[in-house]
Amino acid sequence: AREGSALVGRLDASSRAVQGYSLGGGGAQLAALRDPTLKCVVAICPDDGGVFGRKPPAELSPSVPVLFLCGEKDTDAPPQSHAWKHYQKTGAAKLLFEVQGGCHYFANGPAGDATEAEATRGACDEALLCNCLGVLVSRGACAPCPCSFGMVLGSGGHARADAPRGAVGLLALAWLRLFLLRDETARSQLAARPGIARNFESSGIETSTPSEVNESSGIETATPAELETATPAEVMERG
């Protein structure tokens, strides 16, 4: 952290994870290849960039655990041609959670039910052109769009008491708890298949005897029933 920051002395630089969405989900996996000291990766609706002529690596991370979150109805990065192929190329511990009925934007909000219309609200062709020009001018680096409109600016889903996809957030938090915090109680949570899963597969996530509370951390585990019915507020409380 920079001098004067409130985070000085509070960050553990030896315990780092990377998360990415869409093309960023593919980029997060490339980061794991370049930096094997990362503790884990969360790849949300990952896209390998093949549409831009980039050739994906033949193999992905052999050592950094990767959680794949994808949507059954994703037409931007269809799971069968992206997330599942990435999963098969990953040699490290891995878990793939394909959400039934989920689109490319399902994870962009607290309820896990975001739609394309919500996420792209306010976007237009001019915004897309402006963003593309920004990338070209900056030669691929991050560049702010000077326009008053932009892409993916709308809200992504809304927190609701009956949110059906709280399991998405709970699973992601369990992944981070296990690999960042070394909380072994998270293994039983990762082994529980949520009812909203179209597909659910893992490798290298061995289950251990579940306990209700990790005595060393005081973190409560979630039962399969809780995974299915958890609200966004409960997701945050368990985090």
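# Exercises on a predicted protein model

S22 is buried, its relative accessible area being 14%. The model that supplies this value is predicted.

**Exercise 1. Determine where S22 lies, what surrounds it, and which backbone feature it has.**

Step 1. Locate the residue: S22 belongs to the loop between β1 and α1.

Step 2. Apply the cut-off for burial. A residue counts as buried under 20% relative accessible area, and S22, at 14%, is therefore buried.

Step 3. List the surroundings. Leaving out residues up to four places away in sequence, S22 touches I44, C45, P46, D47 and H104.

Step 4. Inspect the backbone. The phi angle of S22 is near 60°, which is positive although the residue is not glycine.

Step 5. Turn to one of the contacts, C45. This residue lies in the loop between β2 and β3, and its relative accessibility of 1% makes it buried. Its phi is near 45°, again a positive value in a residue other than glycine.

**Exercise 2. Test the length of helix α1 against its expected span, and establish where its buried residues point.**

Step 1. Compute the expectation. Helix α1 covers residues 23-34, and at 1.5 Å a residue its 12 residues should span 16 Å. The count that enters the product is one less than the number of residues.

Step 2. Compare with the model. The C-alpha atoms at the two ends of α1 are 17 Å apart, which agrees with the expected span.

Step 3. Identify the buried positions, which in α1 are G25, G26, A28, Q29 and A32.

Step 4. Examine their directions. These residues cover an arc of only 155° around the axis, so they lie on the same side of α1.

Step 5. Name the partners: the buried residues of α1 pack against β1 (17-21), β2, β3 and α2 (83-89).

Step 6. Check one β1 residue. V18 is in strand β1 and is in contact with A28, L38, C40, V41 and V42, neighbours within four places in sequence being left aside. At 25% relative accessibility, V18 counts as partly exposed. The C-alpha atoms of V18 and A43, 25 residues apart along the chain, are separated by 8.4 Å.

**Exercise 3. Describe the largest nonpolar core and follow two of its residues, L95 and L190.**

Step 1. State its extent. The core holds 25 residues, and those with the most contacts inside it are L67, L69, L95, F97, L171, W175 and L190.

Step 2. Assign the contributors. Two or more residues each come from β2 (40-44), β3 (66-71), β4 (94-99), α5 (166-180), α6 (186-191) and β5 (197-203). Among these, α5 gives the most, with eight residues.

Step 3. Follow L95. This residue of strand β4 has a relative accessible area of 0% and is therefore buried. Beyond four places in sequence, L95 is in contact with V66, L67, F68, Y87, L171, W175, L190, F200, E201 and S202. L95 and L69 are 26 residues apart along the chain, yet their C-alpha atoms are separated by 8.5 Å.

Step 4. Follow L190. With residues up to four places away excluded, L190 touches L95, L171, A174, W175, L178, F200 and I205.

Step 5. Separate the other core. Apart from the largest one lies another of 13 residues, including V64, F68, A83 and Y87.

Step 6. Set this in context. In soluble globular proteins, nonpolar side chains tend to be buried together.

**Exercise 4. Work out which side chains T185 meets through polar contacts.**

Step 1. Place T185 in the loop between α5 and α6. Its relative accessible area is 8%, so T185 is buried.

Step 2. Read off the pairs. The side chain of T185 makes a polar contact with that of R177 at 3.2 Å, and a second polar contact, of 2.7 Å, joins the side chains of T185 and D183.

**Exercise 5. Characterise the fold as a whole and decide where caution applies.**

Step 1. Count the elements: the protein chain has eight helices and five strands, in the order β-α-β-β-α-β-α-α-α-α-β-α-α.

Step 2. Consider packing. Of the 239 residues in the protein chain, 41% are buried. Among contacts between residues at least 6 apart in sequence, 71% join residues at least 24 apart.

Step 3. Consider confidence. The mean pLDDT of the protein chain is 77, and 63% of its residues reach 70 or more. Over residues 208-225 the pLDDT is below 50, and this stretch has 30 contacts in the model beyond near neighbours in sequence. For residues 235-239 pLDDT also stays under 50, with 11 contacts beyond four places in sequence.

Step 4. Conclude. Where pLDDT is low, the predicted coordinates should not be read in detail.

How values were computed. Residues numbered from 1 in each chain as written. Predicted model: local features only at pLDDT ≥ 70, side-chain atom pairs only at ≥ 80, totals over all residues. Heavy atoms only, no water. pLDDT = per-residue confidence, 0-100. Contact = heavy atoms within 4.5 Å. Core = buried A, V, L, I, M, F, W, Y, C linked by side-chain atoms within 4.5 Å. Buried < 20%, exposed > 50% of the residue type's maximum accessible area, 1.4 Å probe, protein only. Helix = DSSP H or I, 4+ residues; strand = E, 2+ residues; numbered from the N terminus. Polar contact = N/O pair within 3.5 Å; in protein donor to acceptor, adjacent residues only side chain to side chain. Arc of directions from axis to C-beta.
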